[in-house]
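Here is a friendly note to read alongside the model. Please keep the 3D view open as you go through the points.

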Amino acid sequence: MKRNIFIGGAWPYANNTLHVGHLASLLPGDIIARFFRQNGDNVIYVSGTDCHGTPITVRAQKAGVAPKDIATEYDSEFRNLFNKLNFSYDNYSNTMRPYHLKRVQEMFKRIYQNGYLYPKKEPQDYCTIDNKFLADREIEGHCPYCGGFARGDQCEECLHTLSPSQLKDKVCKICGKSAIEQRENEQLVFKLSAFQKPLADWLKQKSEDWRTNAVNETRKYLKDGLKDRDATRDITWGVPVDIEGFKDKKVYVWFEAVLGYITAGEQACQKNGLNFDDFVKGDNCKIYLVHGKDNIPFHTVIYPALLLSLEENYRLPDEIISSEYVNVNGEKMSKSKGNFVSVKELLEKYPVDLIRFYFSVKGPEKRDMNFIEQDLIHFNNKVLVGGLGNFINRNLSFLNKKCDGKVPQRLISDQLQRKVQDAYIEIGNLIKKGAVKEASEKLIEMVAFSNKYYDEHTPWILFKESQDKFYQVSFECIYLIINLANLLAPFMPETSNRIFEMLNFQPNGWKEQTMDGNVELGDVNLLFNRI
């Protein structure tokens with residue numbers, strides 16, 4: 001039975017360019033989406049640009065432009081880069097879209113009516129120089145837990161979620177001064193504490209399935225006890241609150257951005273004539289959320305709590321695909337140190353499928369990844385040129401040279417068929433649970449097996465000694481090539497398509513591919529070049 005698969009990729013924030021950390025954490029989402037489509041399932045894969053909030057406002061103030069200008073510029077850049085990376089989103093949205101604004105207002109009001117938003121007056125940080133209440137990101141200081149540098153919403157070092165009142169040595173980020181005093185202000189507060197038990201029960205149920213970092217980070221938040229959080233703020237750039245008495249406020253960005261999975265998913269379904277409920281409610285659906293380590297609490301605490309507060313029977317996420325960090329040359333990425341690697345820079349220098357497959361194999365799935373550009377070059381030359389390209393090109397060029405690219409049909413040995421069939425099951429099961437790194441390593445093993453198969457059966461000798469045996473081995477090698485191309489499709493879609501074009505073959509789903517007739521090669525060319 002076809003399943004309905006919903007995949008949400010984390011929404012990059014429109015305040016800086018995409019870097020290799022974004023790429024490594026988001027790439028598994030596209031691989032999973034492509035796999036399930038190939039498997040014949042119904043897939044909705046969404047993401048978008050997170051456009052609101054204080055950092056953009058602060059940046060716009062310094063640049064003398066509107067926040068929308070900053071957000072639009074980065075939204076355009078992100079779309080362009082994801083297209084070049086061949087990310088197959090069904091809808092790449094942004095939080096400025098009228099549909100998102102309208103639906104967030106509706107959901108905010110429903111959560112309020114359900115009793116999970118309540119008004120609260122309390123002292124709030126006020127800058128006497130700028131004469132305004134300060135949002136969390138407009139305040140900097142030191143973390144009460146580890147003493148490290150922290151913003152008003154999160155510590156940069158230990159990743160604890162914070163409130164501005166917890167910070168030590170506070171300064172206003174706008175003027176850089178410590179002229180901050182407490183003045184009473186009223187906000188709507190989200191009753192996050194109400195979901196302590198249901199989220200703890202959910203984590204217990206999922207702790208064997210999720211990655212260790214997701215389990216540990218979520219457990220840490222629950223152990224500390226979930227705290228109610230301000231859901232509105234005094235800021236000019238954001239989703240307007242449509243509740244009487246609070247219409248001068250905006251919805252807090254932590255609240256509205258994750259609801260983008262719903263708004264983008266609904267729009268994707270409307271565009272494709274599908275029912276969104278089929279993908280997020282009931283038992284015949286599966287939900288994947290794909291993101292980096294710093295986004296874990298927003299996907300395992302905040303978003304599930306919001307889904308529960310809506311009281312609309314949304315299914316909580318099934319798979320949390322949370323990556324670790326990417327360091328560059330052994331250090332945390334930093335523009336000032338010159339070890340910041342942008343996606344744009346990488347795409348200008350290297351083929352997209354090399355980038356995709358390299359980060360599939362080397363990605364930060366269970367531990368931090370150390371990206372070194374020379375390692376990418378070595379990977380290209382050894383794995384792609386010397387492995388996959390070597391097997392395919394020496395087979396096809398030899399066939400073109402010796403028999404005009406024509407190979408009569410032969411039966412495939414049972415042993416070889418079992419090997420290929422098992423590969424589909426094994427690699428497919430790994431992708432289903434988000435183990436992209438392990439799945440891609442199994443693919444490399446299949447390439448090594450194919451090269452060994454070619455070497456051991458010596459078709460270049462058989463061509464002189466026995467035409468029948470030569471065609472048998474050649475047909476079986478083409479069978480391996482076709483199935484390698486099909487298995488590679490979620491990881492390297494361009495390469496996969498090029499191989500099928502050379503073989504004049506049309507693939508048919510995530511299963512063993514067989515050739516029902518003689519083979520006649522098309523134009524054969526080199527798949528990969530040495531760097």
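How do the residues of the lining of the second largest cavity divide into nonpolar, polar and charged?

1. **The second largest cavity.** Its lining residues divide into seven nonpolar, no polar and one charged. Here Ala, Val, Leu, Ile, Met, Phe, Trp, Tyr, Cys and Pro count as nonpolar, Asp, Glu, Lys and Arg as charged, and the others, Gly among them, as polar. The residues lining this cavity are Phe-6, Val-280, Ile-287, Tyr-303, Leu-307, Tyr-314, Arg-315 and Pro-317, and the space in the cavity is about 50 Å³.

2. **A word on the model.** This is a predicted model, where local features need pLDDT of at least 70 and side-chain atom pairs count only at pLDDT 80 or more, while totals for chains, interfaces and linings use all residues. Residues are numbered from 1 along each chain as its sequence is written, and side-chain values use heavy atoms, with hydrogens and water left out.

3. **The largest cavity.** The structure holds three cavities of 30 Å³ or more, and the largest has a volume of about 80 Å³. On a 1 Å grid over the protein atoms alone, a cavity is a set of points where a 1.4 Å probe fits but cannot get out, and a pocket is an open set with protein on both sides within 12 Å along at least five of seven lines; lining residues have an atom within 4 Å of a point. A volume is the space filled by probe spheres set on the points, which are joined across faces, edges and corners. Helix 1 gives the most to the lining of the largest cavity, three residues. Helices are DSSP runs (H or I, at least four residues), as are strands (E, at least two), numbered from the N terminus.

4. **The largest nonpolar core.** Such a core is a set of buried (under 20% relative accessible area, 1.4 Å probe, protein chains only) Ala, Val, Leu, Ile, Met, Phe, Trp, Tyr and Cys residues joined through side-chain atoms within 4.5 Å. The largest has 167 residues, and Phe-190, Phe-255, Phe-357, Phe-359 and Phe-371 touch the most other members. Helix 17 (residues 467-488) brings the largest share, 14 residues. Phe-359 also helps to line the largest cavity.

5. **The second largest pocket.** This pocket has a volume of about 830 Å³. Among its 40 lining residues, Leu-162, Ser-163, Pro-164, Asp-228 and Arg-229 are the closest to its centre. Strand 4 gives the most to this lining, with six residues.

Technical notes: Buried < 20%, exposed > 50% of the residue type's maximum accessible area, 1.4 Å probe, protein only.
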